[in-house]
Amino acid sequence: MPAPAENMRIDGERLWNSLMDMARIGPGVAGGNNRQTLTDEDAEGRALFQSWCEAAGCTMGVDQIGNMFARREGTDPDALPVYVGSHLDTQPTGGKYDGVLGVLGGLEVIRTLNDLNIKTKHPIVVVNWTNEEGTRFAPAMLASGVFAGRHTLDWAYDRVDAKGKRFGDELERIGWKGSEPVGARKMHAMFELHIEQGPILEAEGKDIGVVTHGQGLRWIECTVTGKESHTGSTPMHMRKNAGRGLALVTELVHEIAMKNQPGAVGAIGHIDVYPNSRNIIPGKVVFTVDMRSHLLDKLNAMVDELLDRAPALCEGIGVNFEARIVGQFDPPAFDEGCVNTIRQAAERLGYSHMDIVSGAGHDACWINDLAPTAMVMCPCVDGLSHNEAEEISPEWAAAGCNVLFHAVVDTAEIVE
């Protein structure tokens, strides 16, 4: 089957206008977006996306967890579809491109095929995965996780937000609970376009990131226990300061990550200090260590070193250390065939490119369990994401979408 010709390009202006139109729904307070999952704003964004898909001649399917599937038919009724997409939900103070570029980039693939009157053997399906962000209902990538069999549907329905509202109830409330069984669909392949959410592509001056792996992750919830006492009247040598234990473990995490370079990161994000009073030495600190690498052996070794060394560090200052793993997934290696298709598309179109590891989790990481999957990335300014100041250029968006178009259409097979 012929590959798409080099002169086949998406309409960059139309893609950018669609991004800006979607950004008007759920505007943030500082120029970004607040379109959290299963809110009224999410419902409005979904309705706009559906209207665009239907105008492009697609049929829309919705499953029981709210995943949206816009289908453009292929010429072979028995050929499995090529899927393309990402997510429309955002962080509370999110940007206009995280996830949205991948969904609307998929729609632009369909629109361009229509413009060029191209038929493909395989159907193409543009997907909006529900609750990728996980900011309102944890965990992240929830619906794609159910689709891939990582979670049960009932378990997902029972997730609650900070106000105690249940995921399943909110899905019904906004009117986007479909009847299609989750995970019933079969895929020929899956492609996801995303902003990098990191600084590497911009720093290296590359147009395209060819994503070869996702990072594996371990979240280790740690508890350091000491003794609460008065900050003014307790002699220094008699203190059992849990906060000091936190400080030692913080440095340990940094040390472990640094000596496992390249391709490893580690930090402490969430911290709860008890009793969190100005004049009381902390008696307990609970915090979560986030360690990541795209190499499983390296990731496991980092965790083992933390769990081996931290207890002794804390014991040395008279406090106790305990830990448990509360979140994990192993690093996905994306399909070599799909990765090569993306790389060849970038070369065919004359874009500078480099192999890259995704530092964040994405729906593609779960779908990789089910079907050949790969990701395309474009730069973002200063690597900033999950922030209303998140920014990309129209040229970066168009380049990423052009590579996406060629990879998807090449895989779906042009019918002459």
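**Exercise 1.** State how far apart the end C-alpha atoms of residues 215–308 lie, and what percentage of the span is helix and what percentage is strand.

*Solution.* The end C-alpha atoms of residues 215–308 are 23 Å apart. The span is 33% helix and 37% strand, where helices (H or I, at least four residues) and strands (E, at least two) are DSSP runs numbered from the N terminus. UniProt, in an unreviewed entry, lists these residues as "domain: Peptidase M20 dimerisation"; its positions are given in the numbering used here, feature names are shortened, and annotations may be inferred rather than shown by experiment.

The structure is a predicted model, in which local features need pLDDT of at least 70 and side-chain atom pairs count only at pLDDT 80 or more, while totals for chains, interfaces and linings use all residues. Residues are numbered from 1 along each chain as its sequence is written, and side-chain values use heavy atoms, leaving out hydrogens and water.

**Exercise 2.** Describe the sheet that contains β8 and β13, and name the helices that lie on it.

*Solution.*
- Step 1, the order. The sheet is open and has four strands, arranged β10-β12-β8-β13 with antiparallel pairing; two strands pair if DSSP finds at least two bridges between them.
- Step 2, the edges. β10 (264–274) and β13 (320–329) each pair on one side only, which makes them the edge strands.
- Step 3, the twist. On average, neighbouring strands are turned by 20° against each other, direction ignored. Axes are lines fitted to C-alpha atoms, for helices over the stretch in contact, and angles run from 0 to 180 degrees between N-to-C directions.
- Step 4, one strand pair. Nine bridges join β8 (residues 216–225) to β13 in the antiparallel sense. V224 stands opposite F321 in β13.
- Step 5, the helices. Helix α8 (residues 242–259) lies across β8, β10, β12 (284–293) and β13, and runs at about 170° to β10. Helix α9 (residues 296–315) also packs on the sheet, touching β8, β10, β12 and β13. The direction of α9 makes about 5° with that of β8.

**Exercise 3.** Place β3 in its sheet, and decide whether its residues are buried or exposed.

*Solution.*
- Step 1, the order. Eight strands form an open sheet, β1-β2-β5-β3-β6-β15-β7-β14, with mixed pairing.
- Step 2, the edges. Here the edge strands are β1 (59–62) and β14 (353–358), each pairing on one side only.
- Step 3, the twist. From one strand to the next, the twist averages 25°.
- Step 4, the partners of β3. β3 and β5 (residues 124–128) pair in the parallel sense over five bridges: V82 has I124 as bridge partner in β5, and S86 has N128. The pairing of β3 with β6 is also parallel, over three bridges, and F191 in β6 is the bridge partner of V84.
- Step 5, the cover. Five of the five residues of β3 are buried, meaning under 20% relative accessible area (exposed is over 50%, partly exposed in between; 1.4 Å probe, protein chains only). V82, V84 and S86 point one way, and Y83 and G85 the other way.
- Step 6, a helix. α3 packs on this sheet and touches β2 (68–72), β3, β5, β6 and β15 (373–378). The direction of α3 makes about 155° with that of β5.

**Exercise 4.** Which residues does the UniProt annotation "binding site" cover, and why can they be said to gather at one spot?

*Solution.*
- Step 1, the record. The unreviewed UniProt entry places the annotation on H87, D98 and H194.
- Step 2, the distances. These residues span 108 residues in sequence, but no two of their C-alpha atoms are more than 9.8 Å apart, so they gather at one spot.
- Step 3, H87. H87 sits in the loop between β3 (82–86) and α3 (100–116), and is buried at 0% relative accessible area. Neighbours within four places in sequence aside, H87 is in contact (heavy atoms within 4.5 Å) with residues including D98, N128, E132, E133, H194 and D363.
- Step 4, H194. H194 belongs to strand β6 (residues 189–195) and is buried, at 1% relative accessibility. With the same neighbours set aside, the contacts of H194 include S86, H87, D98, H362 and C378.
- Step 5, D98. The side chain of D98 makes a polar contact with the side chain of H87 (3.4 Å) and with that of H194 (3.0 Å). A polar contact is a pair of N or O atoms within 3.5 Å; within protein, one must be able to donate a hydrogen and the other to accept it, and residues adjacent in sequence count only if both atoms are side-chain atoms.
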